[in-house]
Amino acid sequence: MVWLLLLIAGSVIHAATVPVEFTERVIATDLVGGSQVVIADLNKDGKPDIITIARNNTDLIWFENPSWKRRLLAVDLRRMSNVAARDVDGDGIPEVVVAHEFADQPAQSLGILSVLQHGDDPREPWKIAEIDRIPTSRRLRWADLFGNGSKVLVDAPLTGPKADDKTSIVLYKPGVWMRETIPQPSEGAVRGIYITDWDADGAEDILTAGYTGIHVIRRSKIGEWSRTEIVPTPAADVAAGWLGSKSVGTRFLTALSTQIFVFRQDNKGKWQQQTIEDTVLDGGAILTADLNGDGSDEIIAGYRGQSRGVNVYYANGNKTWTKYPLDSGGIAAADCAVADLNANGRPDVVCIGSDSANLKWYDNKGPKK
């Protein structure tokens, strides 16, 4: 990776970027209806493994690093929609929560939440216990919403109990697994969520994306919840990133719909919208990560439609973005994740395909962070 700097009148202007090179590695080719990929060390060997959901499969499986041997977490889980992994009992191996029996319509969706815990050998199928049922449970994330270092499970259903209801996000404290409803429901469907400390107060917040725009849900120090509109632009998913360090850089949002947007605040605090991709056919993934070690985040976007594949967008200063294909046509990318899979100091990209039914690891060959 080469990053050029021009010094003009004592200021620094970032010029165009040469993209990071990746080596593509195919891990699986039979995950029909692939919809989610999650990175977690499931056997306490210090190597990140890969959990996958494939909607045409009732097995919840994981791939063991570095052989990528297929392992079973659980069987007979129909219509899985999301998983989230975190070690909540302190034994060094995460518990895995899965949402299953999902359907878009509340009347057809049981929305079962189950927690999986390993036995003596985590390579054998795990024990499973149901913890709740909420129709259309669709997005699961762990978040430190109380700012005390203890993360809770966040469940964002697609819709309310009835299709025309407001949609409430709920949380669960691990071990107890009692539902707590956040008293700030969203208008209409919640398509995507993103966890970040939005106001830098030490507690993480929830960004939501849906037909009514992008909002932030926060809990104050005195325990009051609020829901605030950031932008009214409809979006299927959202992520946040930084151009430069958090102390001196510029925060941005990126959103996926039929286009890809970037939002930055102007000097009056108003969020300004920029389109960096005009036409998106069935977008599947949007996330941010510093892939080249320059201190600024890139945007990674996956597509499932006719122009299937994965693109990486590099910022040119604070104004424009340059697109570089990571995979052109080789995967109908429904979801992607970033992690250093081979402990070489470089963040890699992992994506799962829906119609293409494949799981790919894009091995980062750029500079170490």
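# A disulfide, a sheet and some salt bridges

Cys336 and Cys351 form a disulfide in this predicted model, with their sulfur atoms 2.1 Å apart.

Reader: OK, so how many disulfides does a search of the whole structure find?
Author: A disulfide is a covalent bond between the sulfur atoms of two cysteines. Here the two sulfurs belong to Cys336 and Cys351. Searching the whole structure, the number of disulfides found is one.

Reader: How many residues apart in sequence are the parts that this pair ties together?
Author: Look at the strands. Cys336 sits in β28 (residues 333–339), while Cys351 sits in β29 (residues 348–353). The bond therefore ties together parts of the chain whose separation in sequence is 15 residues.

Reader: Is that disulfide right-handed or left-handed?
Author: You can tell from the torsion about the S-S bond of Cys336 and Cys351. That torsion is about 105°, so the disulfide is right-handed.

Reader: And are Cys336 and Cys351 buried or exposed?
Author: The cut-off for buried is under 20% relative accessible area. Cys336 falls in that class, and Cys351 does too, so both count as buried.

Reader: Let's move to the sheet: in what order do the four strands of the open sheet come?
Author: Strands of a sheet pair through backbone hydrogen bonds, either parallel or antiparallel. In this open sheet the pairing is antiparallel. From one strand to the next, the order is β20-β21-β22-β23.

Reader: Which strands stand at the edges of it?
Author: An edge strand here has a single partner, so one of its sides is left without a neighbour in the sheet. That describes residues 237–243 and residues 271–277, which are the strands β20 and β23. The twist from one strand to the next averages 25°. So the names you asked for are β20 and β23.

Reader: Which residue in β21 does Trp242 stand opposite?
Author: β20 pairs with β21 (residues 250–256) in the antiparallel sense, over seven bridges. Trp242 has its opposite residue in β21, and that residue is Arg251.

Reader: Now the charged side chains: how far apart along the chain are Asp30 and Arg70, which meet in a salt bridge?
Author: Side chains of opposite charge can pair when their charged atoms come close. For Asp30 and Arg70 the N to O distance is 2.9 Å. Asp30 is in the loop between β3 (22–28) and β4 (34–40), and Arg70 is in strand β7 (residues 69–74), so this pair links distant parts of the chain. Along the chain, their separation is 40 residues.

Reader: Is Asp30 buried, partly exposed or exposed?
Author: Buried means under 20% relative accessible area and exposed means over 50%. Asp30 has a relative accessibility of 43%, so it counts as partly exposed.

Reader: How far apart are the closest N and O atoms of Lys166 and Glu187?
Author: These two form a salt bridge between loops: Lys166 lies between β13 (152–157) and β14 (170–172), and Glu187 between β15 (179–181) and β16 (190–196). Lys166 is partly exposed at 46%, and Glu187 is partly exposed at 38%. Their closest N and O atoms are apart by 3.3 Å.

Reader: Which residues are linked in a network of salt bridges?
Author: The search of the whole structure finds 18 salt bridges. Some of them join into a network, and the residues linked there are Glu64, Arg71, Asp121 and Arg123.

Conventions:
Residues are numbered from 1 along each chain as its sequence is written. This is a predicted model: local features need pLDDT of at least 70, side-chain atom pairs count only at pLDDT 80 or more; totals for chains, interfaces and linings use all residues. Side-chain values use heavy atoms; hydrogens and water are left out. Two strands pair if DSSP finds at least two bridges between them. Axes are lines fitted to C-alpha atoms, for helices over the stretch in contact, and angles run from 0 to 180 degrees between N-to-C directions. A salt bridge is a side-chain nitrogen of Lys or Arg within 4 Å of a carboxyl oxygen of Asp or Glu. Buried means under 20% relative accessible area, exposed over 50%, partly exposed in between (1.4 Å probe, protein chains only). A disulfide is a pair of cysteine sulfur atoms within 2.5 Å.
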